[in-house]
Amino acid sequence: LPPDVTGPAVKVLQTDKMVLILDDENVKLTIKVPTDDVTCTIEMSKDGIVLSADQVTTTVAKDKIELKKTPCTIEIADDITAKKAAASVTISDSITSKNGGASIEIAAANIDLKNGASSIALPPATVSVNNGALEVM
């Protein structure tokens with residue numbers, strides 16, 4: 001038996017080049033296509049669809065789409081988020097970018113820049129530096 005057969009609820013169709021796994025117990029379909037250096041995989045279950053090839057994975061679920069290539073991730077859900085290590089950008093009602101202690105938020109009514117304890121706020125009519133230490137109107 002092929003090594004992917006883990007019990008009576010699992011059916012496997014294997015050719016020289018591909019493997020198709022039907023798992024009735026876990027309600028999951030898996031397709032494996034090996035190449036010279038990596039195996040490309042499609043997994044479909046109640047939770048969604050996962051496509052993978054080496055270090056790249058795409059997940060399509062009921063509530064989100066996620067694209068990963070270690071160490072980077074892009075997630076589309078109610079918001080859109082792109083991440084790499086400590087850096088991230090999120091698009092929602094505003095746009096927020098963070099990298100370590102530094103951040104910027106661009107909203108409809110203001111722009112806020114922060115780096116550690118330092119900050120600059122740009123509402124429509126004023127400029128505020130370090131929470132009012134310097135304010136220009």
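## A walk through the strands and loops

Val27 sits in the loop between β2 and β3. Keep in mind as you look around that this is a predicted model. What is unusual about the phi of Val27? Its value is near 45°, which is positive, and Val27 is a residue other than glycine. To see what makes that worth a second look, remember that most residues other than glycine have a negative phi. Is Val27 buried, exposed or partly exposed? With a relative accessible area of 43%, Val27 counts as partly exposed, because that value falls between the 20% limit for buried and the 50% limit for exposed.

Stay in this part of the chain and find Asp24. The side chain of Asp24 meets the side chain of Lys11 in a salt bridge, with 3.6 Å from N to O. This pair ties together distant parts of the chain: Asp24 is in the loop between β2 (19-23) and β3 (28-34), while Lys11 is in strand β1 (residues 10-14), and the two are 13 residues apart. How do the two partners compare with the cut-offs for exposure? Asp24 has 53% relative accessibility, so Asp24 counts as exposed. Lys11 has 41%, so Lys11 counts as partly exposed. The idea behind such pairs is simple: side chains of opposite charge can pair when their charged atoms come close.

How many salt bridges does the structure hold? There are 4. Another one brings together the side chains of Lys64 and Glu66, at 3.7 Å from N to O. Lys64 has yet another partner, since a salt bridge also forms between Lys64 and Glu75, where the closest N and O atoms are 3.9 Å apart. Here again distant parts of the chain are linked: Glu75 belongs to strand β8 (residues 72-76) and Lys64 to the loop between β6 (56-61) and β7 (65-69), 11 residues apart. Now put the pieces together: salt bridges with shared partners join Lys64, Glu66, Lys68 and Glu75 into one network.

How well covered are the members of this network? Lys64, at 27% relative accessibility, counts as partly exposed. Glu75 is partly exposed too, with a relative accessible area of 26%. Glu66 is at 13%, so Glu66 counts as buried.

From here, move to strand β6, where you'll find Thr59. Thr59 is buried, because its relative accessible area is 17% and buried means under 20%. Which residues does Thr59 touch, if you don't count those up to four places away in sequence? They are Ile49, Val50, Lys64, Ile65 and Glu66, and two of those names, Lys64 and Glu66, should be familiar from the salt bridge they make. Thr59 and Ile49 are 10 residues apart in sequence, yet their C-alpha atoms are 5.8 Å apart in space.

Ala61 is in strand β6 as well. With a relative accessible area of 22%, Ala61 is partly exposed. Leaving aside neighbours within four places in sequence, Ala61 is in contact with Asp47 and Gly48. The C-alpha atoms of Ala61 and Gly48 are separated by 4.3 Å, although the two residues are 13 apart along the chain.

Next, look at the loop between β5 (48-53) and β6, where Asp54 lies. Like Val27 at the start of our walk, Asp54 has a positive phi, this time near 60°, in a residue other than glycine. Asp54 counts as exposed, at 61% relative accessibility.

The loop between β7 and β8 has its own oddity. This is the place of Pro71, and a cis peptide bond joins Thr70 and Pro71, with omega at about 10°. For comparison, most peptide bonds are trans.

Further along, Thr81 sits in strand β9. Is Thr81 buried or exposed? At 16% relative accessibility, Thr81 counts as buried. Not counting residues up to four places away in sequence, Thr81 touches Thr73, Ile74, Glu75, Val89 and Thr90. Among them is Glu75, the residue that pairs with Lys64.

Our last stop is on the surface. Which residues gather there in a patch of negative charge? The patch is made up of Asp63, Asp78, Asp79 and Asp93. Asp78 has its place in the loop between β8 and β9 (80-84). With a relative accessible area of 81%, Asp78 is exposed, since that is over the 50% limit.

Notes: Residues numbered from 1 in each chain as written. Predicted model: local features only at pLDDT ≥ 70, side-chain atom pairs only at ≥ 80, totals over all residues. Heavy atoms only, no water. Helix = DSSP H or I, 4+ residues; strand = E, 2+ residues; numbered from the N terminus. Buried < 20%, exposed > 50% of the residue type's maximum accessible area, 1.4 Å probe, protein only. Patch = residues over 30% accessible without salt bridge, like charges linked within 9 Å, V, L, I, M, F, W, Y side chains within 5 Å. Areas by Shrake-Rupley, 256 points an atom, 1.4 Å probe, with all protein chains shown as cover. Lys, Arg positive; Asp, Glu negative; His and termini not counted. Charge placed at Lys NZ, Arg CZ, Asp CG, Glu CD. Contact = heavy atoms within 4.5 Å.
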